[in-house]
Amino acid sequence: MEIVTGFGPTNAPTAGTLSVMLGAVELQRRLGVPMTVVISDLGAWNSRNVRWSALVQVRDQMLAFLVELGLGPHRAELRSHLAHDNLVRAGRVARYLSRADFQEHRESLLELYAEHGLLGSEIGVIVDSLYTVADVLGPFDNGASNVLMVSGMEEAYFTDLARLALSRQADAGELSLGWKGHVGALYFRVLEGLAGYPKMSKSIPASSIHLNMTQAEIADRVMDDEESSEAALLSAIELSSGWDSVEVARAREAFEDRVLRPDGWRQARHEFCRSFAQFAGIWQRCAR
């Protein structure tokens, strides 16, 4: 088995992105199997309206940050979409997928991003998906028989597309690539956005706390008593604090009891501010 996961370099990691990064480190530590971690620079260039120089800066910072969290050449292959093998693979995989496939299997929040003027062209969004399908199928190109795709739940459509391509090439006779095996998936919870947004998104600043924030900015968001953000903050603590299960359970109890005993929930959020600010400090030191 090999693990494939990845992250978009449109902006600094949110608490949601950080939760998947921490999960990838834990998976690698516990399973000890080959892992590929992709920073999707070309994919983001095609699917989001972000200038290339900004994507490159965040890409390089993300690669350094993942090493600081515990991944590295001895534990995982870290690369971007500029990898020549993946570009070739994307070109070979494209024949097994149709435009209708990409229309049926697509990002659940596509309309939300379009409303905020964040999307690239329709073809660009398809190209982004094609590159990522090639990422997921990469281990089969190198002889693997099982791939575990690790992502947020909202990216399940990549798994669906990869399974379609794998199945169709297996049935293509003399046009087959000779890949045999299975694509499994492990999905992390979607972290709800602040202020009522459905997801804590890098592309929608008001929805998130992210690692480019100062300690004061993090505190402003986390310590705000706006009720529409409270459940999202509990999720952020559960998934991206780095706390152990006992500490998380205490925070959950404080959240449930916040109306009668507000001090406990405020203390939990205050401690989370410190934890998240520590990760932010590491992120900011990784900037070139």
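**Exercise 1. Which elements each supply at least two residues of the lining of the largest pocket?**

Solution. Start with the ground rules. The model is predicted: local features need pLDDT of at least 70, side-chain atom pairs count only at pLDDT 80 or more, and totals for chains, interfaces and linings use all residues. Residues are numbered from 1 along each chain as its sequence is written, and side-chain values use heavy atoms, without hydrogens and water.

Step 1. Fix the terms. Helices (H or I, at least four residues) and strands (E, at least two) are DSSP runs, numbered from the N terminus. A pocket is an open set of points on a 1 Å grid over the protein atoms alone, where a 1.4 Å probe fits, with protein on both sides within 12 Å along at least five of seven lines; lining residues have an atom within 4 Å of a point.

Step 2. Read off the elements. They are helix 1 (15-31), strand 5 (182-188), helix 10 and helix 11.

Step 3. Add the volume and the centre. The largest pocket holds about 300 Å³ of space. Its lining has 17 residues, and Ser19, Gly23, Phe188, Glu238 and Leu239 are the closest to its centre.

**Exercise 2. Find which side of helix 11 is buried, and what covers that side.**

Solution. Step 1. Helix 11 spans residues 245-256 and reaches 16 Å from its first C-alpha to its last.

Step 2. Sort by accessibility. Buried means under 20% relative accessible area, exposed over 50% (1.4 Å probe, protein chains only). Val248, Ala251, Ala254 and Phe255 of helix 11 are buried. These four cover an arc of only 120 degrees around the axis, which puts them on the same side of helix 11. On the other side, Ser245, Arg250, Glu253 and Glu256 are exposed.

Step 3. Name the partners. The buried residues of helix 11 pack against helix 10 (227-240) and helix 12 (262-285), with contact meaning heavy atoms within 4.5 Å.

Step 4. Check the N-terminal end. Aspartate 244 caps helix 11 there, with a side-chain oxygen 3.1 Å from the backbone nitrogen of valine 246.

**Exercise 3. Locate lysine 199 and decide: buried or exposed?**

Solution. Step 1. Lysine 199 sits in the loop between strand 5 and helix 9 (215-222).

Step 2. Lysine 199 counts as buried because its relative accessibility is 15%.

Step 3. Its side chain makes a polar contact with the side chain of glutamate 154, at 2.9 Å. Such a contact is a pair of N or O atoms within 3.5 Å; within protein, one must be able to donate a hydrogen and the other to accept it, and residues adjacent in sequence count only if both atoms are side-chain atoms.

Terms used:
Expected span 1.5 Å × (residues − 1). Arc of directions from axis to C-beta. Points joined across faces, edges and corners; volume = space filled by probe spheres on them.
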